[in-house]
Every structure is written in C-alpha cells, then in structure tokens.
Amino acid sequence: MQANPRLPLGDDARTLPAGYYTDRDIYRAEMDRFFRRSWVCAGRQDQVRGRGDYFLREVDEESIIIVRDLEGSVQAFYNVCRHRGTRLCSTPDGTFRSMISCPYHAWTYDLKGRLVGAPHMDGTPRFCKDDYPLYPVGVSTWDGHIFINLDGGRSPLEAQLADLPAKLRPWKMEELRLVERVVYDVKANWKLIIQNYSECLHCPIIHPALQGLSHYLSGVSDAPHPSYLGGPSDLRAGVETLSMDGKRRSDVLSGLPPEDWAKVYYYSILPNLLLSLHPDYMLSHTLWPRSPDRTEVICEWHFHPDAVANPGFDPRGAVEFWDMTNRQDWQITELSQLGLKSRVYTPGPYSDREDLLHYFDRMVSQDEDAASSGRGARE
Ligand code: FES
Ligand SMILES: [Fe+2]
C-alpha cells in the first residue's frame, strides 16, 4: 500500500527511538492507552453464533470472556471470580449451558454476569448476591466484528471508527464466515507489524509473488485518521484476487461496485485490527501484544457462505498465498526488532512514501489529546 497523494514530511520524519520497541514503561503506557482505554477488536460474531457460545481473549494479561447470552446479546466479562478471584474458565472456546461456574467453590453466574449461586454464604453478614456480578467489559459490534473495551467504553465504538463503517459497507462483512485461522507468534513489537503493513516499499524485495499480482506503487491512501490508516491497491491486469494463481474460486462479493473488482483495500484499524478486503474474501489480522518484543497475531480468512456452500469451493490458494506472505512479513519484522535493540541504532530518515508510518509514529508518540484531535502529523 502506498500513499498518494502523500503527506508532506518535515525534517523530523525519522523512525521512532528504540525505546518505543524495547522499553517496558513505554510498552505499559501503550497498553493502557490503546489496549485498555480504547476499543479493541476481539473477534467475530461468527465465533459466538449460538446462545451460550463463548471464546476467551487475553488482552494485556487480562483474560476476557466473550459470550452470547441466552437472549442473543454478546456480553464480555473479566474472567475473574468475585469470591476469591479465581480464573473462571480456562478452555479457549466452547459453549456454556446457561451458567458460568467457578471451579473453586462453585459460585455461579448467569450469562449476563449476575451472581446467581454462592454456596455457604448464608452466614456472612450483609452478603447480597446482587453486589457481586462479574466485572463487565464494554462490548460493541460493527459489521460482524466484536470489539471490547476494558475500561467499559466511555466513548462509543462509533466515535473511534468514524467514517470507516460507511466506507466499508459494500463488503457486507457481517455476512462473511470464517474459513481458516492461523495463529502466529511474532517476535516483534506490535507497532512494527502495523508499520510494516502500512507500506509496500518492501513488497518487490520481500514478496515477489505479491508484486507479481499487484504493483507495489499502485496504492492510494485515504487521508489518515487517528484511528485508521489505509486505502486500496490495484490488482494487475488479468489478476482477479490475491491467491497463489491470482484467480478467484468464488464470485465477487455481491455488494461491490465494478470499480472495486480489481482492487484490494488495506486498513490498519487501531490498535489491533488489520483488514484486507479482496474482491471475493476478507482477510483479518488481530494483534495481541505480549511483551515489548513479542506479539501474537491471529490471521483469519472469511468468505461468503454461498461460496463456501459451493461443492467446488477451494480457499487453499488464498490461504496459502497469505500464509506465505505473512511469514515473509514476520521474518523481516523480527529482523527489524533485532536491529532496533542494537546500541548503535538511531532513528533513520523516512522516505516520503513512508508518510503513513510517520503519521502513525507521531500519533502514538504524542499525548492522547493531540492524537484524538487529529493534530498528529498535520501540525
Ligand atoms: S474463588 Fe470462585 S468460588 Fe471461590
Ligand atoms: Fe509485507
């Protein structure tokens, strides 16, 4: 992806100091700001289709339960018992019959988080079950994506997403179904993964197959926004999608206008969702920082159910293509992380084709008010 028109770069358009990738205090501050106090993409509604279905997500060392309650709403709670704090659930996904029961002394919660059973508490003065619901986590959805906010979500998800839902409406993402998931353990800071995703100068060098299907300078970026960066790139003539042979195995998604049939749209939706929208499928990456130099990445391929139902449906070309491309990206990103740790590293100058990275860097390195007001790189 490449910005065009590009943002003007000042003399300070240099990469961030090493501490942004290695320092535990900066990492902690980023986790608080981006992963506890903003909306984080947790997964898809597709993962909790039935009542009682749940999955767990680990966010900044917190385990969160995301569950569809018996009335059909998605709820999210800290995975912490109100009795003596025990982790309630350890199995990464599954279905609760109607309750969440603590494995220690069997305090029991309904799927709205209300404490409904607390054995041997009758003799405790003034104990009232209503005072001990599960700690809630903010939950909101957009086009099939589930977002959570550990801080409860004082500002709505819609404010964070701004005009993105209207922009991405033609893909009708809520209709798409998960077909494949690969989880990667990347030994690099979470920001390096976003920065790498936000430029394609490396594509002819690192991704020869991608370069064969989509020219690395064909991208056009939307005006950057404090919570998302990105835009479309063109597929080369005769290329139908990004897959091993460049051919689609299913129809173009029904809502797409013809001008988008030969493009792939790439968006970094901060802090942790990378969306790659192809003519026939959606690729998503969610980033889960584990330490300053380690990030778990969940990559998923989502197709339309009509395509999946087709007896000839074969997603392997798309899966193989992106699994290969992902591994190329992780390898070079891990090398970046290693170099940044060197004592001789100092911030290096950006190309004017790396303007989105500079915008992103300024946004994460400036104070929160400046970032949320969008002053960031424009000053
Ligand atoms: S810690 Fe959960 S019931 Fe005792
Ligand atoms: Fe790449």
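A crossing of two helices is called right-handed if the near helix is turned clockwise from the far one by less than a right angle. With that term in place, good morning. The structure under discussion is a predicted model, and I shall begin with helix α5.

α5 passes α10 in just such a right-handed crossing. The two helices, α5 and α10, the latter spanning residues 355-365, pack at an angle of about 150°, and their axes are 9 Å apart. Since angles over 145 degrees count as roughly antiparallel, α5 is therefore roughly antiparallel to α10. On the α5 side, the contact is made by Lys191, Ile194 and Gln195; on the α10 side, by Leu357, Phe360, Asp361 and Val364. Sorted by class, the contact of α5 with α10 holds four nonpolar residues, one polar residue and two charged residues.

I turn to the packing of α5 with α9. Here the angle is about 125°, with the axes 10 Å apart. An angle between 115 and 145 degrees falls outside the parallel, perpendicular and antiparallel classes, and α5 and α9 are therefore oblique to each other. This crossing, too, is right-handed. α5 contributes Leu192, Ile193 and Asn196, which meet Asp329, Trp330, Ile332, Thr333, Ser336, Gln337 and Leu340 of α9. The class composition of the contact of α5 with α9 is five nonpolar, four polar and one charged.

Which helices each supply at least two residues of the lining of the largest cavity? They are α5, residues 190-197, and α9, residues 316-340. α9 gives the most, with five residues. The model has four cavities of 30 Å³ or more, and the largest has a volume of about 230 Å³. It is lined by 22 residues, of which Tyr197, Leu210, Tyr266, Trp322 and Asp329 are the closest to its centre. Asp329 thus appears in two settings: in the contact of α9 with α5, and in the lining of this cavity. Overall, the lining comprises eleven nonpolar, nine polar and two charged residues.

Finally, two remarks on the backbone. Leu270 and Pro271 are joined by a cis peptide bond, with omega about 5°. Pro271 is located in the loop between β13, residues 263-269, and β14, residues 273-277. The other remark concerns Ala106, a residue other than glycine whose phi is positive, near 65°. Ala106 belongs to the loop that runs between β6, residues 99-101, and β7, residues 108-110.

That concludes the presentation, and I thank you for your attention.

Notes. Residues numbered from 1 in each chain as written. Chains lettered and ligands numbered in written order. Predicted model: local features only at pLDDT ≥ 70, side-chain atom pairs only at ≥ 80, totals over all residues. Heavy atoms only, no water. 1 Å grid on protein atoms, 1.4 Å probe; cavity = no way out; pocket = protein on both sides within 12 Å on 5 of 7 lines; lining within 4 Å. Points joined across faces, edges and corners; volume = space filled by probe spheres on them. Helix = DSSP H or I, 4+ residues; strand = E, 2+ residues; numbered from the N terminus. Nonpolar A, V, L, I, M, F, W, Y, C, P; charged D, E, K, R; others polar. Axes fitted to C-alpha atoms, helices over the stretch in contact; angles between N-to-C directions. Parallel < 35°, antiparallel > 145°, perpendicular 65-115°, else oblique. Contact = heavy atoms within 4.5 Å.
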